[in-house]
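Welcome! If this structure is new to you, please take a moment to look it over before reading on.

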Amino acid sequence: MSPSFCSARFSVALFLVISAVPIAYLICLERAAPYTHVFSYHSSGFFRECAKWDDAGRRFLVSFMDGGGIGEIVPRDGNSDVLDEVTVVKDADLAGNASLGIAIDRDRNRLLVAVADLLGNRYSALAAYELSTWRRIFLAELSGHSIEKSFADDVAIDAHGNAYVTDAKGSKIWKVDVSGELVSTIESPLFTPPGWYNNLVALNGIVYHPDGFLVVIHTFSGFLYKIDLTGDGDDGNKVTVIEVNGGTLRFGDGLELLSPTKIVVAGSPSAKLIESSDGWQTATVTGWFNTGMVHRIVSSATVKEGKVYLNHIVGFGSKKRHILVEAVF
């Protein structure tokens, strides 16, 4: 047997051994089921960025990161079987783009969807669809096909129906009015912390507080911002950094407002509960929850009947099984 043949066999064997380690680790993680309640569903795609509970519709709505679109998952009472995802939106005008953060606007019977060019970062938009018919209400282009890179990542709605969309690449927030017109852009030097590595993924999760301000997270730095929409800043919006105690929010992704004083920060390796008693000038990390499914990547949170559920981006298996895991802090 030639030395080269032996070397080739050794290389193949070494590759199989090395590759078997992460595969075995993934299998172990998949078998270690979370100790809390889980909704599992089979899907048409491997990547689901955001999930929100639609209480009036009695369903979860999920966004398709791979290829764009929206699906619904309807839980069955008293049935723990794996559920099925049904596609309700597949917009031909947005083919090839990712559907990312979503927000349910029940007062106006619509779903708002942040849309972005996932790989090229050359297109960002906000789409609105009627919740009962899935007719598209408007499509607001935010960046067009500009030279500047952008990435519409998440969206929040204020009491008047205005939408605020975070740009995870360009470190800004677009404001779109109730009719779908882009009316302004919120920018601040605070949105770009020092260090290029801190800005690989910038502004991300966003929520609207009933007292008239936004809370936004900067993913790679972990900074949390308060944006007073009635402030006296240069563009009418005062931006401040919220002082966070008790832990870091680095790699935080989606946000979910539980109450005026509590917010869930979805992220990996663990989701966090943060609380504020001074109008979000400061905040404290008061709870942690780790699903144990770190390989699936937690990206968003939603509330169903008082319980928090965490969406995981990655599905596994031939039927692309996804999970929504109850978080207990």
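What follows is a short tour of charged pairs, aromatic rings and a few single residues.

One thing to know at the start is that this is a predicted model.

## Charged pairs

Let us begin with charges. Side chains of opposite charge can pair when their charged atoms come close. How many salt bridges does the structure hold? The count is 16.

Three of these pairs are listed here, each with its N to O distance.

| Positive residue | Negative residue | N to O distance |
|---|---|---|
| Arg48 | Glu85 | 2.8 Å |
| Arg106 | Asp54 | 2.9 Å |
| Arg58 | Asp55 | 2.7 Å |

Take the pair of Glu85 and Arg48, whose side chains meet in a salt bridge. This pair links distant parts of the chain, with Glu85 in strand β5 (residues 83-89) and Arg48 in strand β2 (residues 48-54), 37 residues apart. Are these two partners buried or exposed? Both Glu85 and Arg48 are buried.

The salt bridge between Arg106 and Asp54 also reaches across the sequence. Arg106 sits in the loop between β6 (98-105) and β7 (110-116) while Asp54 belongs to strand β2, so the pair ties together parts that are 52 residues apart in sequence. The two ends of this bridge have their own surroundings: Arg106 has a relative accessible area of 36%, so it is partly exposed. Asp54 counts as buried because its relative accessibility is 1%, and buried means under 20%.

In the salt bridge of Arg58 with Asp55, the relative accessible area of Arg58 is 38%, so Arg58 is partly exposed. Asp55, with 44% relative accessibility, counts as partly exposed too. Some bridges share partners, and in this way Asp54, Arg59, Glu72 and Arg106 are joined into one network.

## A buried acid without a salt bridge

Now for Asp117, found in the loop between β7 and β8 (124-130). Which side chain of opposite charge is nearest to Asp117, and how far away is it? It is Arg122, at 6.2 Å. Asp117 is buried yet has no salt bridge, because a salt bridge needs the nitrogen and the carboxyl oxygen within 4 Å. Arg122 does offer something else: its backbone nitrogen lies 3.1 Å from a polar atom of the Asp117 side chain. Setting aside residues up to four places away in sequence, Asp117 touches Asn97, Arg122, Tyr123 and Phe151.

## Aromatic rings

Next come the rings. A search of the whole structure turns up nine aromatic pairs. Among them is the pair of Trp196 and Tyr197, which is edge-to-face, with 5.9 Å from centre to centre and 80° between the planes. Trp196 counts as exposed, at 65% relative accessibility, whereas Tyr197 is partly exposed, at 47%.

Phe223 and Tyr225 form another edge-to-face pair, with centres 6.4 Å apart and 75° between the planes. Phe223 is partly exposed, with a relative accessible area of 35%. For Tyr225 the value is 0%, and Tyr225 is buried.

Rings can also be joined in a group: Phe39, Trp53, Phe60 and Tyr309 form one aromatic cluster. Above a ring of that cluster there is a charge, as Lys304 lies over the face of Trp53, at 4.8 Å from the ring centre. In a similar arrangement, Lys320 lies over the face of Phe46, 5.1 Å from the ring centre.

## A closer look at Phe60

Where is Phe60 found? Phe60 is in strand β3 (residues 59-64). Its relative accessible area is 0%, so Phe60 is buried. The C-alpha atoms of Phe60 and Lys304 are separated by 9.0 Å, while the two residues are 244 residues apart along the chain. Leaving aside neighbours within four places in sequence, the contacts of Phe60 include Phe39, Trp53, Glu72 and Lys304. Two of these names, Phe39 and Trp53, are also members of the aromatic cluster.

## A proline in a loop

The last stop is Pro260, placed in the loop between β18 (252-259) and β19 (262-267). Pro260 counts as partly exposed, with 47% relative accessibility. Which residues does Pro260 contact, leaving aside its neighbours within four places in sequence? They are His209 and Trp280. His209 is 51 residues away from Pro260 along the chain, and their C-alpha atoms are separated by 6.8 Å.

Notes. Residues are numbered from 1 along each chain as its sequence is written. This is a predicted model: local features need pLDDT of at least 70, side-chain atom pairs count only at pLDDT 80 or more; totals for chains, interfaces and linings use all residues. Side-chain values use heavy atoms; hydrogens and water are left out. Helices (H or I, at least four residues) and strands (E, at least two) are DSSP runs, numbered from the N terminus. Buried means under 20% relative accessible area, exposed over 50%, partly exposed in between (1.4 Å probe, protein chains only). Rings of Phe, Tyr and Trp (its six-membered ring) pair if their centres lie within 6.5 Å; planes under 30 degrees apart count as stacked, over 60 as edge-to-face and the rest as tilted. A charge sits over a ring if NZ of Lys or CZ of Arg is within 6 Å of the ring centre and within 35 degrees of the ring normal. Contact means heavy atoms within 4.5 Å. Lys and Arg count as positive and Asp and Glu as negative; His and the chain ends are not counted. A polar contact is a pair of N or O atoms within 3.5 Å; within protein, one must be able to donate a hydrogen and the other to accept it, and residues adjacent in sequence count only if both atoms are side-chain atoms.
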